[in-house]
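Biologist: I want to learn how to read a fold from the coordinates. Please go feature by feature.

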Amino acid sequence: MALRSHPLIKEGLDRYHGLPVRDRNALRLLALTVVLVLIYLLVWAPVYGFLEASREDRERQNDLLQYMLSTQVQARTASGVRIGLKGQTLLSQISSSTAKFGIKPNRLQPEGSDAVSVWFDAVGFNDLIRWLEQQHLEGISVRQISIDKSEESGTVSARVVLHT
């Protein structure tokens with residue numbers, strides 16, 4: 001009610017009530033049209049534009065994902081990274097399997113795209129053979145092996161080249 005007591009509002013309402021009924025109805029229709037246009041321009045159009053841009057972005061991202069999935073094998077072979085049976089690279093697969101068998105390699109080194117060299121110093125011969133047998137069961141073969149006897153009984157130094 002305090003708003004109606006403002007002099008400008010009061011003057012506007014007096015002028016409005018002084019108009020003929022036909023002009024008041026036209027003014028109401030004009031005010032409604034202006035409100036609807038403002039709602040459209042300030043709310044609906046930006047929201048709809050954002051929605052359309054989001055849909056287009058999602059489609060572009062989906063197309064990119066499909067392309068990347070379709071070229072995944074080519075990319076992996078081009079980069080030289082071979083993935084083992086468990087979804088790991090050969091290097092990480094060998095590293096984790098030595099830890100499971102409790103033997104520590106002194107050095108691991110990739111040899112091309114499908115092989116890894118592993119060096120051992122003072123490793124138990126029986127542990128080394130069990131580990132190599134497990135690698136064979138997992139589809140990893142010995143390409144080259146060199147075993148030297150150590151001074152300590154039952155231990156050896158070895159260099160093994162494994163490949164998939």
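Biologist: Which residue of β4 stands opposite Val118?

Modeller: Val160 does. One caution before we go on: this is a predicted model. Val160 is also the bridge partner of Ile145. Now take the strands as units. Eight bridges join β2 to β4, and these two run antiparallel. β3 and β4, the latter spanning residues 155-163, are likewise antiparallel, over eight bridges. Within β4, His163 is the bridge partner of Ser141.

Biologist: What is the strand order in the sheet?

Modeller: Follow the pairings from one strand to the next. Here the order is β1-β2-β4-β3, in an open sheet of four strands with antiparallel pairing. The edges are β1 (107-111) and β3 (141-149), each of which pairs on one side only. Ignoring direction, neighbouring strands are turned by 15 degrees against each other on average.

Biologist: How many residues lie between the strands in the hairpin of β3 and β4?

Modeller: Five. Look at the backbone angles there too. Gly154, in this hairpin, takes a positive phi near 85 degrees.

Biologist: Why is β4 called largely enclosed?

Modeller: Count its buried residues, with buried meaning under 20% relative accessible area. In β4 the count is seven of nine, so the strand is largely enclosed by the rest of the structure.

Biologist: Which helices lie on the sheet?

Modeller: Check contacts first, then axis angles. Helix α4 (residues 90-101) lies across β1, β2 (115-124) and β4. α4 runs at about 15 degrees to β2. Helix α5 (residues 125-137) packs on the sheet and touches β2, β3 and β4. The direction of α5 makes about 155 degrees with that of β2.

Biologist: Why does the length of α5 agree with what a helix should span?

Modeller: Use the rise per residue. At 1.5 Å a residue, the 13 residues of α5 should span 18 Å, and the end C-alpha atoms are 19 Å apart, which agrees. After α5 comes Gly139, with a positive phi near 90 degrees.

Biologist: Which residues of α5 are buried, and which are exposed on its other side?

Modeller: Start with the helix period. An α-helix has 3.6 residues a turn, so residues three or four places apart point the same way. In α5, the buried residues are Leu128, Trp131, Leu132 and Gln135. They share one side of α5, because they cover an arc of only 100 degrees around the axis. Glu133, His136 and Leu137 are exposed on the other side.

Biologist: What do the buried residues of α5 pack against?

Modeller: Against α4, β2, β3 and β4. Zoom in on one residue. Leu128, a residue of α5, is buried, with a relative accessible area of 0%. Setting aside neighbours within four places in sequence, Leu128 is in contact with Phe120, Val123, Ile147, Val156 and Ala158. Sequence distance is a separate reading. Leu128 and Ser157 are 29 residues apart in sequence, and their C-alpha atoms are 9.9 Å apart in space.

Biologist: What does Ser97 touch?

Modeller: Not counting residues up to four places away in sequence, Ser97 touches Trp131 and Gln135. Ser97 lies in helix α4. Its relative accessible area is 5%, which makes Ser97 buried. Trp131 and Gln135 are among the buried residues of α5.

Biologist: What pattern does the chain follow along the sequence?

Modeller: List the elements in order. Here the pattern reads α-α-α-α-β-β-α-β-β. That comes to five helices and four strands.

Biologist: What radius of gyration does the chain have?

Modeller: Compare the value with that of a globule. A compact globule of 164 residues would be near 15 Å, but this chain has 39 Å. Then look at the bounding box. Along the principal axes, the C-alpha atoms fill roughly 115 × 35 × 20 Å. Burial is another whole-chain reading. Buried residues make up 18% of the 164.

Biologist: How do I read the contacts of the whole chain?

Modeller: Split them by sequence distance. Take contacts between residues at least 6 apart in sequence: 46% of them join residues at least 24 apart.

Methods
Residues are numbered from 1 along each chain as its sequence is written. This is a predicted model: local features need pLDDT of at least 70, side-chain atom pairs count only at pLDDT 80 or more; totals for chains, interfaces and linings use all residues. Side-chain values use heavy atoms; hydrogens and water are left out. Two strands pair if DSSP finds at least two bridges between them. Axes are lines fitted to C-alpha atoms, for helices over the stretch in contact, and angles run from 0 to 180 degrees between N-to-C directions. Contact means heavy atoms within 4.5 Å. The expected span of a helix is 1.5 Å times one less than its number of residues. Buried means under 20% relative accessible area, exposed over 50%, partly exposed in between (1.4 Å probe, protein chains only). The arc is that of the directions from the helix axis to the C-beta atoms. The radius of gyration is taken over C-alpha atoms; the globule rule is 2.2 Å times the number of residues to the power 0.38.
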